[in-house]
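User: I'd like to learn how to read aromatic rings in a structure. Could you walk me through it?

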Amino acid sequence: MKKKLVMALALSMSLTLAACGSSSDSSSEEADTTVEESSEETEETSSEEEQSSEEENATVDLDAEVPVLTYEEYVAADLDTEVSVCTYVQATQSWWDGTITVYTQDEDGAYFLYNMTCSEEDAELLVPGTKIVVTGYKSEWAGEVEIIDAFFEFAVDGDTYVAEPLDVTDLLADDSLIDYQNQYVSFTGMTVEPSTDANGNEVAFLYNWDGSGEAGSNCDLYFNVSVNGETYTFTVESYLCDESTEVYQAVTELEVGSVIDMEGFLYWYEGVNPHITSVTVVE
């Protein structure tokens, strides 16, 4: 479900990074006036070059000393507080007007970065596995816990991580499912159930949540699936997987009663509402 809101992006950036950063000390002895002036000019030039490099590359030196939260600490943090985390890009929605929404994860848990400040050039570098340091505010919208008003730096230690999907099919009716929110997950052996379109017809999927869209309009797709006697609504988020993708095409070809396996991100909207990235018909 798309959010219709405008967020103020006003953060002061003071980021140094523990386990993701570098620090250095310098000392000098007093000398004659000529040496002092030369040293000052050298330091000023070096400072300007470093600032320019940081602005151009948006990278963070991994020896810098700034505390960041573990996933456990992030979960424990209060809503509306400033948080900083090291995490790895798993997928991105389309870049728009200086912002990008990113699905990220590490070995312990996942983070949803909503409308994070990002240049178009840097957006091209946010490929799966990329390690970034994110600072923003922990927030919640319709049950979805996310980081908003965020900015980021690229970590430059060469470390990468791409998550394998975790099968959570058996947890769909369990309260513990929320512990895996935003992670890359899979669902197996689920049956396509009918949805009702704007004309009252039973169909296998809807363009938009209320069936108000149409083919070729690149709408989100909504479809119902069931397992163990319970029915759930899953989504193909068009900003993540548009109509040119295989998963979008696969959902438009679904039939009621088909049994399918799926992969995607465990998004939340008034309950579980995964953003699906892969659909395979098995029956």
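**Reading the rings**

Analyst: Sure, and keep in mind that this is a predicted model. Let's start with a charge over a ring: K138 sits over the face of Y74, 5.1 Å from the ring centre.

User: And when two rings meet, what describes the pair?

Analyst: Two things: how far apart the centres are, and the angle between the planes. In this structure there are 13 aromatic pairs. One of them is Y103 with F112, an edge-to-face pair with 5.2 Å from centre to centre and 65° between the planes.

User: Are Y103 and F112 buried or exposed?

Analyst: Y103 is buried, at a relative accessible area of 1%. F112 is buried too, with 3% relative accessibility.

User: What kind of pair do W141 and Y269 make, and why?

Analyst: That pair is tilted, because the planes are at 40°, and the cut-offs are under 30 degrees for stacked and over 60 for edge-to-face. The ring centres of W141 and Y269 are 5.4 Å apart.

User: Where in the chain do W141 and Y269 lie?

Analyst: In distant parts, 128 residues apart. W141 belongs to strand β5 (residues 131-141), while Y269 is in the loop between β14 (259-265) and β15 (275-281).

User: How accessible are W141 and Y269?

Analyst: W141 is partly exposed, at 24% relative accessibility, and Y269 is partly exposed as well, at 25%.

User: Which residues form an aromatic cluster?

Analyst: Y103 and F112 come up again here: together with Y184, F265 and Y267 they form one aromatic cluster.

Methods
Residues numbered from 1 in each chain as written. Predicted model: local features only at pLDDT ≥ 70, side-chain atom pairs only at ≥ 80, totals over all residues. Heavy atoms only, no water. Phe/Tyr/Trp six-rings, centres within 6.5 Å; stacked < 30°, edge-to-face > 60°. Buried < 20%, exposed > 50% of the residue type's maximum accessible area, 1.4 Å probe, protein only. Helix = DSSP H or I, 4+ residues; strand = E, 2+ residues; numbered from the N terminus. Lys NZ or Arg CZ within 6 Å of the ring centre and 35° of its normal.
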